[in-house]
Amino acid sequence: MELEPKDLYEKLEFNKVIELLEEACLGEQGREAIHNIRPIDDRLSIERLLEEVKEYKLTIEQNDPFPIKTYFDITEDLRMLEIVDFVLPEEGFRRINIVLLFVRDMFRFFNASRRLIYPALYDIIRPVSFDESLIEAIERVIDEDGNIRPDASPKLLKIRKSIQARQKELDKVFRMLANDYRNKGLLSDNVESFRNGRRVLSVPSEHKRKIRGIIHDESTTGKTAFIEPEAVIEINNDIFDLETDERREIYRILKELSTTVRPYVPLMRDFQELIIRFDLVQAKARLAVRMNANLPRLVKRLVISVQDAYHPLLYLKNKQADKTTVPFTLTLSQNNRLLMLSGPNAGGKSVTMKSVGLLQLMLQCGLLIPVSPESEMGVFGKFFADIGDQQSLEDDLSTYSSRLANARLFLEHADDRTLVLIDEFGSGTDPKIGGAIAEGILRELNFRKVFGVITTHYSNLKVFAFKTKGLVNGSMFFDKDHLLPTYELKVGRPGSSYAFEIAEKIGLDDRVMQYARQKIGQNEKAVDELLVDLQREKQESEELLKELTQKQQQLDKLIRNYEQLHLDLEFRRKKVKLETKEKDFEQTAQQNKELERIIREIKEAQNLEKAKELAMKAKENRRQIEEEIVQIKEEIYQPIRANKKIEIKIGDYVKMRSGGATGLVEAIEKGKAVVLMGQMRMKINAADLLQANEPLDVQSQRSVQTDAVQQVAAFQPKIDVRGMRMEEAMKMVEDFVDRALINSTTELRIVHGKGDGILRKFVRQKLREYNMPMEISHPPAEDGGDGVTIVRL
């Protein structure tokens, strides 16, 4: 990605968006990652990032909280733990254990149903494996407060019990001594204290020789001595020795735990990266909720087609102040790549221009943006912007010189994947010369097929945009009656600066205004008005042409539909005639049986002439019906063969023209195909077969019925999956649709109930897995509404 100038983030105020994201992060490492965020130009990677944020936003909206909280940076702990024989302290293990608990909860979050609801989020965690034995090993030693557990080892437990016993004994003896000496008046008001880790008595200096023990300290005034009584010295010594043993045992336990955990350092680094990744996603999602942001359609071609778009920061500011933000709709495509935006000062030109750049930049950084979900966005490889005053004393550049330097840079590096944003194009020098140079730069940018939004007040640029393919004029609508901006973007017509009207409203002297009007003449105003009229007529012509094109396409579609319907109707009419003849043929066969019985009776009666006559008559009748059936079949299938001259080959999947199941062609002999359908092999005329898609692999638990008529009759085009588990319901829906396809059923009814809509969503998702045209809808409220899904195949 190429970004110019270097302070592009500040020019487009993307740095403020980054600050908002940093505020939403839960850890310092997440904030560092956000601070280093950069746009990318790989469409698939952007789609993946956007899907992750969209799904996390769904967890917030559905009140399905993802288990992530404020986390610690364990980078240093892991670095030290990698050192052989290094013993990590309790606090380090506590931080590592908190991270492990977060990751465990993340893995538990993705149960079977959530994996289907949040597939992009699950893909983040899918490559990583988690072993809960790590948590178990740490929690056997460290408690939730980060302290060594009393039962971390049998030896430690024994030591601590001994310490507790000796401390109780110390407390008992010390209290007894303190009461005795206090009754004798040998202690000060503060009876006891601690010095050098020992419990001591506070004794006035004049009595310190009366109490046997060790003097540990004296007060600053020298009036009080702190004495450890002789009776508790041995107990304190025992406690000291036990505490030394305790520290030694704790060190051994921590060393053993460090050795156990050390091989898992690389895996724990993956866990840390996992938490940072989810921290970024949740920060983006929370900002998206605040901005009411959505996921536009990301397309392969270069296009910016935003509907109901807002400047993200302006939207948040106005939302906080309870003000309305005016949205804009804009389409930049190959036909109109560069928008020449004009209009009065303070009318919203610069805000609109910055909005386009900021929205595109946010999108390519993996952020949802405040636009309609129906919007379409492409992916750009370069971002160039010339916004604001860039004069530099260090580089000896004036404002106009800096603009020319930017223009030179743009022309050197711009291509057909570049987005250019220029504010007040051509300003900073003599208007006539500046306008001419700006027109030349614009011509070259258009030649390089760049996309962009350019604001200007120059009439020659408006005229150039009107005459040149690839450019389109636009304006910020201005209320001429009240002389106030409306901040509404109007694409297709240039705007006026309304300088005279605004000057009059401010109250500029009439003599000044009159002189200015005479000086400017009528030509300048006439050019603006002519441009507006021409642009309006051009837009009307384009809209009319577009409307006629759409109507022609609709007409062509209707004609094709009519022809197809006519063919279908003719096919069905002849099919009915064929079925009638076949039925007559079956009746004739039945009659022949009856005739044979009569012939036998006549033979028995020795009336041979009558028997021959009846036999010939029946044979002729049967032959006529057979000829009619063959003729009708040819009428039905000949047009199909003429339209679809597709040769049936061995290995093709086929089905009969009259419908039914799909089978595999095993052999072709003399115009007849051997077709395997399920467990049966059938020999069928190749002319009676149509190529078909490979059948779905349906594993049914019911036995296969060989009588197809019974199977069709047994199928019911309605199921009820209410109250089922998700996996169970999806399996039933899949079997149901497969049976419907086998039986050529055209309309299905799936009852799933309303609830929170999750089951309805999964039903739709399952239906979309069938790569075939189908219409999915819901009946009226009185027939079930959103609780029922209607499928027309």
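This section describes the helix packing, buried residues and backbone geometry of one chain.

The model is predicted. The chain has 793 residues, of which 41% are buried. Its secondary structure comprises 24 helices and 24 strands. Contacts across the sequence were also counted. Among contacts between residues at least 6 apart in sequence, 68% join residues at least 24 apart.

The N-terminal part of the chain includes helix α2, which spans residues 14-24. Seven residue names make up its buried set: F14, V17, I18, L20, L21, E22 and A24. Glu appears in that set as E22. An α-helix has 3.6 residues a turn, so residues three or four places apart point the same way. Within α2, F14, V17 and L21 are among the buried residues. The buried residues of α2 pack against five helices: α1 (8-12), α3 (28-35), α12 (265-291), α13 (312-320) and α14 (349-364).

Helix α14 contributes M362. At 0% relative accessibility, M362 is buried, because the cut-off for that class is under 20%. M362 and V17 are 345 residues apart along the chain, yet 9 Å is not reached between their C-alpha atoms, which are separated by 8.6 Å. Beyond its neighbours within four places in sequence, M362 touches F14, V17, M291, P312, L367, L368 and I369. Among these contacts, F14 and V17 belong to the buried residues of α2. P312 is one of the buried residues of α13.

Helix α13 was examined next. Its buried residues are P312, L313, Y315, L316 and N318. The cover over these residues includes α2, α12 and α14. Just after α13, D322 adopts a positive phi of about 60 degrees.

Two packed helices are described by the angle between their axes and the distance between the axes. For α12 and α13, the angle is about 60 degrees and the axes are 10 Å apart. The two helices, α12 and α13, are therefore oblique to each other. On the α12 side, the contact involves L287, V289, R290 and M291. On the α13 side, these residues meet P312, Y315, L316 and K319. The residues of this contact divide into six nonpolar, no polar and two charged. M291 of α12 and P312 of α13 take part in this contact, and M362 is in contact with both M291 and P312.

A second helix pair, α10 and α11, was analysed in the same terms. Helix α10 covers residues 154-183, and helix α11 covers residues 230-261. Their axes come within 9 Å and cross at roughly 160 degrees. Angles over 145 degrees count as roughly antiparallel, and α10 and α11 are therefore roughly antiparallel to each other. The crossing of α10 and α11 is left-handed. The contact of α10 with α11 is made up of 14 nonpolar, three polar and 10 charged residues.

Within α11, I250 was followed in detail. I250 lies in this helix. Its relative accessibility is 13%, so I250 counts as buried. Apart from its neighbours within four places in sequence, I250 is in contact with E90, I148, L156 and R160. L156 and R160 fall in the range of α10, residues 154-183. E90 falls in the range of α6, residues 90-109. The C-alpha atoms of I250 and R149 are separated by 9.7 Å. Along the chain, I250 and R149 are 101 residues apart.

Cysteine pairing was then checked. A disulfide is a covalent bond between the sulfur atoms of two cysteines. The structure holds zero disulfides. Two cysteines were assessed for burial. C25 has a relative accessible area of 5% and is therefore buried. C365 has a relative accessible area of 2% and is likewise buried.

Backbone geometry was the final topic. A cis peptide bond joins E4 and P5, with omega about 0 degrees. P5 is placed in the loop between β1 (2-4) and α1.

Positive phi values were found in residues other than glycine. D85 has a phi near 70 degrees. This residue, D85, sits in the loop between α5 (75-81) and α6. With a relative accessible area of 51%, D85 is exposed, because the cut-off for that class is over 50%. K449 has a positive phi of about 60 degrees. The location of K449 is the loop between α16 (431-447) and β13 (451-455). K449 has a relative accessible area of 43% and is therefore partly exposed.

Note on methods. Residues are numbered from 1 along each chain as its sequence is written. This is a predicted model: local features need pLDDT of at least 70, side-chain atom pairs count only at pLDDT 80 or more; totals for chains, interfaces and linings use all residues. Side-chain values use heavy atoms; hydrogens and water are left out. Helices (H or I, at least four residues) and strands (E, at least two) are DSSP runs, numbered from the N terminus. Buried means under 20% relative accessible area, exposed over 50%, partly exposed in between (1.4 Å probe, protein chains only). Contact means heavy atoms within 4.5 Å. A disulfide is a pair of cysteine sulfur atoms within 2.5 Å. Axes are lines fitted to C-alpha atoms, for helices over the stretch in contact, and angles run from 0 to 180 degrees between N-to-C directions. Angles under 35 degrees count as roughly parallel, over 145 as roughly antiparallel, 65 to 115 as roughly perpendicular and the rest as oblique. A crossing is left-handed if the near helix is turned anticlockwise from the far one by less than a right angle, and right-handed if clockwise. Ala, Val, Leu, Ile, Met, Phe, Trp, Tyr, Cys and Pro count as nonpolar, Asp, Glu, Lys and Arg as charged, and the others, Gly among them, as polar.
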